[in-house]
Amino acid sequence: MIQYLPDLCSELFRLYDGLVPMSANFHSPRSTMNRHYYRIIAICSFWIFAAAPVLADGLDLTTGGARVVGENKLSLENLSFDGRFYNAEIELNLDGTYNVNSVEEVVIASTATYELTFDSTWSAATHPYQYPSGLSHYSGLIGGTHNGKVRFWELSKIASPGMERMAELGSKSPLRDEVESAIESGDAEYLLSGGGIGSSPGLVTMQFQISQGYPFVTLVSMIAPSPDWFVGVSALGLIENGQWIDELVIPLYAYDAGSDSGVSYTSSNSDTNPKAQISRLEELPFLVNGEITPLGTFTFRRLLE
Ligand SMILES: [Ca+2]
């Protein structure tokens, strides 16, 4: 790979003529440098792209970073590709040419253990409109760890039968079956099944394993009572900058599964047929003083093994 990349680089260099004066501008103001950095990151990603063209769909430019490591050297770090991460160092020459000093894969721990804390602040104080005092709770957490090829729910998509049952009744099945089916087909690794919150405000925790090949978490819980409202995350990645994230706090907004037409917490069942898209609830009772107010947080904290 390393022998191959410099040749490819030369070609790309011609395409990016804006890069030619880079070494002359090396000590120019930060904004100019950042533009150059961006181009370099793009080029470096092309190296990896071209070295493994079959896997190009997995390319992710958003995790990369660049920093100056010497007089005319740039270190390009944590370029994500197909679940792997690469660092590269390039050296810029004053005549506009440059050398690729190294490209190496960043090795991270292949697995990690996380503790999830589901902390619900949802109460008459945070969401006073029609708050179901004495009734407010959440169904048991259900979801899985998976790769980037599968989604169990997404905003603006139609809820699966499993999501509908979870959001309307708090049932873990058939969503559990959908996760297990993804495990069988190789797109998911672990089923996640945890406790609920018997009375909100309150909290519940669970621990789970996750691995590099399946670094995404989907986890949901029904807001109860409600027609088809839920909280959760979909395909939340726990690798960032080539490392397992130590701690991640996600605010929990209320989503509507689009499968029941009730408009308040205690509306009677009213099946929506055909189903509407999954959406974020942005009106009462979740619009509070002009702001869409979260019901609490998921905190993912990595446990050191
Ligand atoms: Ca329904």
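**Close-up 1. Strand 5 (residues 111-120) and strand 9 pair in the antiparallel sense over ten bridges.** Here two strands count as paired if DSSP finds at least two bridges between them, and strands (E, at least two residues) and helices (H or I, at least four residues) are DSSP runs numbered from the N terminus. Look for Ser120, which stands opposite Gly202 in strand 9. This is a predicted model, where local features need pLDDT of at least 70, side-chain atom pairs count only at pLDDT 80 or more, and totals for chains, interfaces and linings use all residues. Residues are numbered from 1 along each chain as its sequence is written.

**Close-up 2. Four strands form an open sheet in the order 9-5-19-14, with antiparallel pairing.** Strand 9 (202-211) and strand 14 (247-252) are at the edges with a single partner strand each, so one side of each has no neighbour in the sheet.

**Close-up 3. Helix 4 (residues 175-184) turns one side inward.** Its buried residues are Leu175, Glu178, Val179 and Ala182; buried means that 20 or more other C-beta atoms, placed from the backbone, lie within 10 Å of the residue's own. These four cover an arc of only 95° around the axis, which puts them on the same side of helix 4; the arc is that of the directions from the helix axis to the C-beta atoms. Just after helix 4, you can find Gly186 with a positive phi of about 90°.

Notes
A residue is buried if 20 or more other C-beta atoms lie within 10 Å of its own, exposed if 12 or fewer, and partly exposed in between; C-beta atoms are placed from the backbone.
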